Amino acid sequence: MNTIRLAIIGVGNRGKHMADLAVHREWPVEIAALVDTRVSALRSGGKLFGIGKNRQFTDYRELLKHPGDYDAGIIATDVYTHKEIACDFIEAGIPIFLEKPITRTIDEAASVFKAVQASKASGIPVMVGFNLRYAPFYRHLKKLVSSGAVGELISIEWKEILSPAAWADGYCRASWYSKQDYVGGWLLEKSCHDIDQINWLAGSPCARVASFGSRNHFLPRKDLPMRCTDGCPEEPGCYFSCFKLHPDGPVREGPNKLPDYIPDNRWDLCVYNCGSDLMDRQAAILEYENGVTAAFSILPLGNHWERKMRICGTKANICGSDFLGEIHIIPHNSDTPVIADPPKAEGGHGGADPSVMDAFLHLLSDPYFSPDVTIEDGLESMLAAGGIELAREKRSVVELGPLRKKAYGK
Ligand SMILES: NC(=O)c1ccc[n+]([C@@H]2O[C@H](COP(=O)([O-])OP(=O)(O)OC[C@H]3O[C@@H](n4cnc5c(N)ncnc54)[C@H](O)[C@@H]3O)[C@@H](O)[C@H]2O)c1
């Protein structure tokens, strides 16, 4: 088997993780180039993967001049850059793994979809980073629902609750993650995974959505300083204290190192005074063309990261928690739940990350292989999540039919 030559575009948290996974799978993989606009990211990635400066680039377009030197690109850059980079790679004929969310807006997603469609004749493989489709927990849930464990599917209730670190580091202290304009919306950026899962379970196009959300708690506070390190009086009891989340301080190496997306001068910002303009709560309702309804909410205040769901059907309900690793089926005619826990798995995102990388490498090696997540799934998730953001802004129901027609170019 020929060595697969991968270019990593975006040598941040996710890019490095995906590169590390790729070189540890059973396929022969070489990291052939690193691209990042930050030279410090290139140098630390270069050290990690043994890549010389001659294969480190600050502009991804350098790679497009020699497309034959790369078998694929992994695009793990800030969301607002995805459209341009993805379209340019596809147009250059280089297969891609495009991290979620595929873009920031429905129009941008439609452009990527159009580029993929135009490349269909040459069969350029494209995969989207909905790794949860590869997590044993979610595969098990999907299998139960598809095999009729709940009878006919009627409705889905789903919650994503963030840990203090996910909220404070990701959506307060990170520079690009904390801005609506850069991510397209909190629910869209964070929960496009969940919307994809709901789409997958519903098994039908989403017809319409509505949503409410606001930023009402994490507002600027004059009684608190700008930083935990400025002698904040509430720091000792604060769940988001930089000292609690990063006991070794602003370090870039070791087990407690800062995530790449937090710049050095933001690691200790107050979660109230940090300047983030994202929602701090959001709820959405979705109706599918087959009549299935769904209710989804995202919240920043849990003590751990958890996704909880209740899937209701004509014969039974399924209750699950990915944090607990539990799935219970509660038949309507019995008080005794059937324990249907999924298999335990090792690896990031509940075992999803190694498997999603395997699927991508398989796809690059075998043009007849069909991955469980396609560009259409990326676009459908964007239609629903992008529609939810529009509905929240307009405070009205958004019909996805016309947006879908336009996005698919029909
Ligand atoms: N599938 C998942 O479970 C999962 C998990 C985490 C992040 N992600 C996604 O991965 C992507 C990256 O997230 P992250 O957490 O690694 O962020 P990050 O900030 O740690 O890394 C992004 C990197 O991209 C670089 N970059 C920005 N613009 C660039 C450009 N034009 N060219 C080259 N490099 C550029 C930045 O300098 C940075 O190093 C996002 O789309 C995010 O949503 C997916």
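**Strand pairing around β9 and overall dimensions**

Six bridges connect strand β9 with strand β10 (residues 293-299), and the two run antiparallel. Helices (H or I, at least four residues) and strands (E, at least two) are DSSP runs, numbered from the N terminus; two strands pair if DSSP finds at least two bridges between them. The model is predicted: local features need pLDDT of at least 70 and side-chain atom pairs count only at pLDDT 80 or more, while totals for chains, interfaces and linings use all residues. Residues are numbered from 1 along each chain as its sequence is written.

Between β9 and β10, Leu286 has Ala294 of β10 as its bridge partner. The two strands form a hairpin with four residues between them, and Gly291, in the turn, has a positive phi of about 95°. Strand β9 is also joined to strand β8 (residues 206-214), by eight bridges in an antiparallel arrangement; here Ile285 of β9 is the bridge partner of Ala210.

The side chains of β9 (residues 281-288) alternate between two faces. Gln282, Ala284, Leu286 and Tyr288 point to one face and are buried (20 or more other C-beta atoms, placed from the backbone, within 10 Å of the residue's own). Arg281, Ala283, Ile285 and Glu287 point to the other face and are not buried.

In the chain as a whole, there are 13 helices and 15 strands. Of its 410 residues, 48% are buried. The C-alpha atoms fill a box of roughly 65 × 60 × 40 Å, taken along the principal axes. Helix α1 (residues 13-23) gives the most to the shell around the ligand, contributing three residues.

Notes. A residue is buried if 20 or more other C-beta atoms lie within 10 Å of its own, exposed if 12 or fewer, and partly exposed in between; C-beta atoms are placed from the backbone.
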